[in-house]
Amino acid sequence: MAEPLPPTRSRIPGSGLAKGLAVTLRTMTKKTVTAQYPDAQPELPPRTRGVIGLFEENCTVCMLCARECPDWCIYIDSHKETVPPAAPGGRERSRNVLDRFAIDFSLCMYCGICIEVCPFDALFWSPEFEYAETDIHELTHERDKLREWMWTVPAPPALDPAAEEPKEIAAARKTADKLAAEQAARAEAAEAEAAQAKAAETKAAGTKAAQTEAGAAQADPAQADPAQGEPAQADPAQGGQAAAPGEPTAPPGQPTAPPGQPEPPAAPPSGPQEGQS
């Protein structure tokens with residue numbers, strides 16, 4: 001058996017009408033404020049859909065916005081250009097160059113689909129709304145006018161402090177950290193090579209100095225071989241001339257011939273000779 005429903009609270013007849021009249025009475029007592037446009041500009045919300053701005057540098061002429069537009073009010077013209085290879089031996093590539101980007105705001109219904117589907121962030125909402133024209137044909141604005149509206153686009157709202165970091169910023173930071181680590185590794189490698197080169201130069205200088213000392217020792221045999229003894233001293237009794245090492249010295253009492261002249265014959269020994277009485 002089903003349980004009985006709880007009793008409903010009785011409503012006072014006419015309570016809704018009384019609440020509505022209370023709101024009306026509160027509004028009637030307030031002073032009316034009229035914004036004197038165009039002398040006083042209205043305060044628009046930050047996400048106002050005023051007009052579409054074009055950031056031409058980000059446009060790759062993918063035609064996605066023109067294909068997804070329900071009103072077909074976006075007109076794009078482009079041509080292809082050949083790009084030379086970035087490195088020697090590479091191949092040439094072709095890229096699309098934007099010639100015309102126009103939006104017919106007489107057909108646009110401000111749905112924002114073109115802005116949402118743009119994969120390269122080339123279209124943005126601008127709060128500008130003062131672009132009325134007297135002729136409907138003048139509501140088709142070309143890329144120059146769309147670019148002027150781009151600089152009136154407000155900055156995006158700040159992120160929630162507790163929100164995750166955007167993937168684009170995280171990827172950019174990761175790439176920057178990787179490049180910084182590579183540069184630090186290159187700097188360390190360069191410092192190590194410089195230290196090795198300095199050590200090699202020091203070693204080569206020491207080897208050269210040792211070779212120089214060895215050559216000097218070979219050029220001076222008296223200093224190189226002590227077994228040959230010191231050079232002969234001058235003998236004052238022989239006129240102050242010293243005999244070279246290894247040469248026979250004259251016996252005492254006999255004069256020595258000067259250099260370049262034949263030696264005098266030896267004197268006969270003193271004493272009795274044969275045949276003399």
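Here are a few notes on backbone oddities and internal cavities in this predicted model.

1. Start with the backbone, where a quick reminder helps: most peptide bonds are trans, and most residues other than glycine have a negative phi. The bond joining Tyr37 and Pro38 is cis, with omega at about 10°. Pro38 sits in the loop between α1 (15-28) and β1 (51-54).

2. Next, have a look at Val61. Its phi is positive, about 55°, and it is not a glycine. You'll find Val61 in the loop between β1 and α2 (64-68). Is Val61 buried or exposed? Its relative accessibility is 7%, so Val61 counts as buried, the limit being under 20%.

3. Tyr110 also deserves a check: phi is near 55°, again a positive value in a residue other than glycine. Tyr110 belongs to the loop between β3 (93-104) and α3 (113-117). With a relative accessible area of 26%, Tyr110 is partly exposed.

4. Now the inside. The count is two cavities of 30 Å³ or more. The largest holds about 100 Å³ of space. Of its 16 lining residues, Cys59, Cys62, Cys65, Cys118 and Ala122 are the closest to the centre. By class, that lining has 14 nonpolar and two polar residues, with no charged ones.

5. The second largest cavity has about 60 Å³ of space. Which residues lie nearest its centre? They are Cys69, Cys73, Cys108, Cys111 and Cys114, out of 13 that line this cavity. Here the lining splits into 11 nonpolar, one polar and one charged.

Technical notes
Residues numbered from 1 in each chain as written. Predicted model: local features only at pLDDT ≥ 70, side-chain atom pairs only at ≥ 80, totals over all residues. Heavy atoms only, no water. Helix = DSSP H or I, 4+ residues; strand = E, 2+ residues; numbered from the N terminus. Buried < 20%, exposed > 50% of the residue type's maximum accessible area, 1.4 Å probe, protein only. 1 Å grid on protein atoms, 1.4 Å probe; cavity = no way out; pocket = protein on both sides within 12 Å on 5 of 7 lines; lining within 4 Å. Points joined across faces, edges and corners; volume = space filled by probe spheres on them. Nonpolar A, V, L, I, M, F, W, Y, C, P; charged D, E, K, R; others polar.
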